[in-house]
Amino acid sequence: MVDVVFMLPTWQAFLLCFFFAVLYVGSLYIWGGSTKDKNRDHPDVIKRRFISVTGVCLTVPILLWTVSKNSEKAEASCLFTWLGIRFWGAIPALIIPLFLTMVLFLGPLSLHYLDGVFRLYLEAKYWTNSVKNYVWIRNHIVAPISEEFIFRACMLPVLVPCLGTGWAIFLCPLFFGVAHFHHMIEKVAHGQQEVGDAFKESLFQLSYTTVFGAYSAFLFLRTGHLAAPVIAHAFCNHMGFPSFGEVMGYPQSTRYKLMALFVLGLISWLGLLYPLTTPALYSNDLYVV
């Protein structure tokens, strides 16, 4: 494949990323008919949305190709490499970012151990039931792959050349965070929440999805692999937002240990963040962060 570069003016790069976000979210609502009055967790809705996001994931790279320029410069590379789809460094990209993210979730993982949740993961029935559940497939497979592909792999190649890696890591997640506001519309439309409550919850979701988006963008640029943010995204979806309130339900001695593990996880993650994402580990010489 011919090597290309992306050299769009900043305003065009932003418009293109905004268009990608609108295309992704808009594709979720093109279905009417029998699915119109069903919530987002209904199997019929989920299956049709799988089709929608697959179509978007096939279309957006074509649009990216049309705005790229053929080049023989050192910073040029093939489109698949820009998108983080390549062989070299793939195995470390699947393992190390997952381990790094698990370190961050040391506290919540300790809660899972105390609650006995860990025992579920050792049962074959848990996994066989999971892969038959459309909500589980959406949250752990389709959403991580499609969202990371559109909001990281397809946006960062056009944002980095005009903004630099620092600003791209900071601004790219805003498209991802704002895109999650459509959940508020669904909840209000189906009578699940009042407008005020739905707005507050969506604002909170905007906050932590934006923070995660920055971490995910960082992983993508440091590793040069789509697999890295996808595996971290799937794990975070599985864990959910840390249940800090649950800690208070334990006896004082256990509570202090859990608090210490939460803090230890955060400090260890900060210390390991750069060493474990060293680009050389992933054969990444395209993005320099």
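## Chatting through a predicted model

Mentor: Hi! This is a predicted model, and its chain has an average pLDDT of 89, with 90% of the residues scoring at least 70.

Trainee: Which elements have the lowest and the highest mean pLDDT?

Mentor: Helix α11, residues 182–189, is the lowest with a mean of 58, and α4 is the highest with 97.

Trainee: Good to know. Which helices does α5 pack against?

Mentor: The buried residues of α5 pack against α4 (90–104), α6 (118–121), α13 (227–239), α14 (244–247) and α15 (252–272).

Trainee: And which residues of α5 are buried?

Mentor: In α5, which covers residues 106–115, the buried ones are Gly107, Pro108, Leu109, Ser110, Leu111 and His112. Just past the helix, Gly116 has a positive phi of about 85°.

Trainee: Changing topic, which residues touch the most other members of the largest nonpolar core?

Mentor: Those are Leu64, Ile150 and Met155, in a core of 59 residues. Apart from that core there is another one of 6 residues, including Ile46, Phe50, Tyr126 and Ile137.

Trainee: What is Ile150 in contact with, leaving aside neighbours within four places in sequence?

Mentor: Ile150 then contacts Phe20, Tyr24, Val56, Cys57, Val60 and Met155.

Trainee: Now His225: is it buried or exposed?

Mentor: His225 counts as buried because its relative accessibility is 1%, and buried means under 20%. You'll find His225 in the loop between α12 (195–223) and α13.

Trainee: What does His225 touch there, not counting residues up to four places away in sequence?

Mentor: His225 touches Gly84, Arg86, Phe87, Trp88, Gly89, Ala90, Ala93, Phe220 and Tyr282.

Trainee: What about Arg48, where is it found?

Mentor: Arg48 is in helix α2, residues 43–67. Arg48 has a relative accessibility of 30%, so it counts as partly exposed. From Arg48 to Phe151 there are 103 residues in sequence and 21 Å in space, C-alpha to C-alpha.

Trainee: Last topic, pockets. How much space lies in the second largest pocket?

Mentor: The second largest pocket holds about 300 Å³. It is lined by 18 residues, and the closest to its centre are Ala74, Glu75, Ala76, Trp82 and Leu286.

Trainee: Which helices each supply at least two residues of that lining?

Mentor: Both α3 (79–82) and α9 (156–163) do so.

Trainee: And how many of the lining residues are nonpolar, polar and charged?

Mentor: The lining of the second largest pocket has 10 nonpolar residues, along with 4 polar and 4 charged ones.

How values were computed:
Residues are numbered from 1 along each chain as its sequence is written. This is a predicted model: local features need pLDDT of at least 70, side-chain atom pairs count only at pLDDT 80 or more; totals for chains, interfaces and linings use all residues. Side-chain values use heavy atoms; hydrogens and water are left out. On a 1 Å grid over the protein atoms alone, a cavity is a set of points where a 1.4 Å probe fits but cannot get out, and a pocket is an open set with protein on both sides within 12 Å along at least five of seven lines; lining residues have an atom within 4 Å of a point. Grid points are joined across faces, edges and corners, and a volume is the space filled by probe spheres set on the points. Helices (H or I, at least four residues) and strands (E, at least two) are DSSP runs, numbered from the N terminus. Ala, Val, Leu, Ile, Met, Phe, Trp, Tyr, Cys and Pro count as nonpolar, Asp, Glu, Lys and Arg as charged, and the others, Gly among them, as polar. A nonpolar core is a set of buried Ala, Val, Leu, Ile, Met, Phe, Trp, Tyr and Cys residues joined through side-chain atoms within 4.5 Å. Buried means under 20% relative accessible area, exposed over 50%, partly exposed in between (1.4 Å probe, protein chains only). Contact means heavy atoms within 4.5 Å. pLDDT is the predictor's confidence in each residue, from 0 to 100.
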